[in-house]
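Look at the sequence and the model below before reading on. The paragraphs that follow go from one contact to the whole arrangement and back to single residues.

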Protein chains: 2
Amino acid sequence: MRDDLPLSVTHTVRDRCLCLHVQRAARALARRFDHALKGFGLTSGQFSLMIALNRSEPPRIADLAPFLAMDRTTLTAALKPLVRRGLVAMARDEADARSKRLALTEAGRDLLVRAMPVWTATHDAVDAELVGHDLDRLRGDLRALA
Amino acid sequence: MRDDLPLSVTHTVRDRCLCLHVQRAARALARRFDHALKGFGLTSGQFSLMIALNRSEPPRIADLAPFLAMDRTTLTAALKPLVRRGLVAMARDEADARSKRLALTEAGRDLLVRAMPVWTATHDAVDAELVGHDLDRLRGDLRALA
DNA sequence: ACCAGCTCAGTTGATATCAACCTAATTTCG
DNA sequence: CGAAATTAGGTTGATATCAACTGAGCTGGT
């Protein structure tokens with residue numbers, strides 16, 4: 001311990017840092033949904049990604065990245081196992097040869113339909129543990145951060 | 001689009017899922033602090049980890065993992081680059097040969113001292129963007145999730 | 001003392017995350 | 001039309017994340 005890095009400074013960071021607080025909550029929630037969705041071979045992130053694909057118009061990678069607040073190249077990597085398993089299909093955009101359109105396959109939709117009740121039950125359990133918390137406000141705060 | 005996976009269901013997940021909301025905020029905040037701390041060669045996670053090490057008693061890996069809501073093995077991996085760079089030292093616990101005690105080195109403390117003003121400025125900027133939001137309540141919500 | 005069970009940490013394999021760099025296609029403007 | 005700027009996407013290298021497995025050390029009961 002030195003005079004120029006006292007415990008009080010680190011306590012300030014630990015207590016105040018939103019980055020740290022959000023990361024901890026993110027890890028805990030991801031673990032929780034990972035476990036719940038394990039039977040379907042899906043992680044929480046893969047589930048969210050597939051949910052984001054269920055649109056009337058097949059989105060491009062560049063459309064999804066901002067929605068997930070995720071780097072474009074992360075999305076490229078995240079799609080690989082889903083495409084390999086035949087849950088997601090990538091097709092060249094007919095209007096723009098640079099773009100690729102992403103869509104759930106029949107198998108992907110089947111899996112999502114089966115996983116949905118588990119998501120609902122898991123989220124209900126999370127909600128139940130947070131009685132007294134204003135979750136709509138929390139979601140609003142998180143959207144402001146993203 | 002099929003009848004058994006309508007858009008309304010996916011909109012429910014997108015709007016309600018705390019896991020998705022927290023992951024998005026986590027990515028955005030991590031990116032932001034990563035950029036801010038880049039000049040020190042530190043990521044936001046490495047900064048948080050080093051802050052957690054600044055204790056009067058050098059903690060063990062098993063002590064830190066719950067504090068960071070992180071898997072124990074993730075911590076083992078995260079320590080490697082910090083130890084390699086001489087910012088963190090691992091020493092066998094004298095009382096228990098299974099345990100290792102983690103401590104910042106002199107170089108590690110130096111780096112943290114220099115990085116601290118950047119953390120403060122970055123967090124002040126985040127706070128400024130969230131005027132009207134109750135950040136203490138937000139931190140409480142996030143602690144409840146972790 | 002012994003051994004069964006527990007605790008602490010590391011390793012492996014898979015996915016996640018991003019910056020930096022790269023290629024190809026489109027658009028813009030002179 | 002044609003070169004420059006822009007845009008979409010992929011690749012590489014590094015770190016982050018966790019589950020499952022492994023091994024080493026400790027502890028309590030007999």
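How many Å separate a phosphate oxygen of DNA strand C from an N or O atom in the side chain of B:His35? The distance is 2.4 Å, in a model that is predicted.

B:His35 belongs to a wider set of residues around this strand. In total 28 residues surround DNA strand C, and the closest are A:Asp71, B:Arg31, B:His35, B:Lys38 and B:Arg72. Of the strand C atoms that come within 4 Å of the protein, 70% are accounted for by sugar and phosphate. Chain A also reaches the phosphates: an N or O atom in the side chain of A:Arg84 is 3.4 Å from a phosphate oxygen of DNA strand C. In the case of A:Ala97, a polar backbone atom is 3.4 Å from a phosphate oxygen of the strand. The elements that give two or more residues to the surface near DNA strand C are α5 of chain A and, from chain B, α2, α4 and α5. With 6 residues, α5(A) gives the most to this surface. Sorted by kind, the residues near strand C are 12 charged, 8 polar and 8 nonpolar.

Now turn to the other strand. DNA strand D is surrounded by 28 residues, the closest being A:Arg31, A:His35, A:Lys38, A:Lys100 and B:Arg98. Sugar or phosphate holds 70% of the strand D atoms within 4 Å of the protein, and the rest belong to bases. Three side chains illustrate how the bases are approached. An N or O atom in the side chain of A:Arg72 is 2.9 Å from a base oxygen of strand D. From chain B, the side chain of B:Arg98 has an N or O atom 2.8 Å from a base nitrogen of the strand, and for B:Thr73 the distance to a base nitrogen is 3.4 Å. Two or more residues of the surface near strand D come from each of α2 (18-37), α4 (61-68) and α5 (72-84) of chain A, and likewise from α5 (72-84) of chain B. The largest share, 6 residues, comes from α5(B). This surface divides into 8 nonpolar, 8 polar and 12 charged residues.

How are the two protein chains placed relative to each other? A turn of 180° with a shift of 0.0 Å along the axis lays chain B on chain A with an RMSD of 0.0 Å. The two copies are therefore related as by a two-fold rotation axis.

The chains also touch each other directly. Chain B puts 68 residues into the contact and chain A puts in 68 residues. Because 100% of the interface residues of chain B are also interface residues in chain A, the copies meet through the same surface. About 6,600 Å² is buried between the two chains, and carbon and sulfur atoms give 65% of that area.

Polar and charged groups take part in the interface as well. Between chain B and chain A there are 24 residue pairs in polar contact. On the side of chain B that touches chain A, at least two residues each are supplied by α1 (7-16), α2 (18-37), α3 (44-53), α4 (61-68), α6 (106-129) and α7 (135-145). Of these, α2(B) gives the most, with 15 residues. That side of chain B is made up of 37 nonpolar, 11 polar and 20 charged residues.

Side chains of opposite charge can pair when their charged atoms come close. Across the interface of the two chains there are 4 salt bridges. One salt bridge joins A:Asp124 and B:Arg16, with the closest N and O atoms 2.7 Å apart. Over all chains, the structure holds 18 salt bridges. Within chain B, the side chains of B:Glu129 and B:Arg32 meet in a salt bridge at 2.7 Å, N to O. B:Glu129 lies in helix α6 of chain B and B:Arg32 in helix α2, so this pair ties together parts that are 97 residues apart in sequence.

A last stop is a single loop residue. A:Thr105 lies in the loop between β2 (100-104) and α6 (106-129) of chain A. Leaving aside neighbours within four places in sequence, A:Thr105 is in contact with A:Gly86, A:Leu87, A:Val88 and A:Ala89. The C-alpha atoms of A:Thr105 and A:Val88 are separated by 5.3 Å, although the two residues are 17 residues apart along the chain. A polar atom of the A:Thr105 side chain also lies 3.0 Å from the backbone nitrogen of A:Gly108.

Definitions and conventions: Residues are numbered from 1 along each chain as its sequence is written. Chains are lettered from A and ligands numbered from 1 in the order in which they are written. This is a predicted model: local features need pLDDT of at least 70, side-chain atom pairs count only at pLDDT 80 or more; totals for chains, interfaces and linings use all residues. Side-chain values use heavy atoms; hydrogens and water are left out. Contact means heavy atoms within 4.5 Å. Buried area is the accessible area (1.4 Å probe) that two parts lose on being put together, summed over both. A polar contact is a pair of N or O atoms within 3.5 Å; within protein, one must be able to donate a hydrogen and the other to accept it, and residues adjacent in sequence count only if both atoms are side-chain atoms. Helices (H or I, at least four residues) and strands (E, at least two) are DSSP runs, numbered from the N terminus. Ala, Val, Leu, Ile, Met, Phe, Trp, Tyr, Cys and Pro count as nonpolar, Asp, Glu, Lys and Arg as charged, and the others, Gly among them, as polar. A residue is near a molecule or strand if one of its heavy atoms lies within 4 Å of it. Copies are superposed by least squares on the C-alpha atoms of residues with pLDDT of at least 70 in both.
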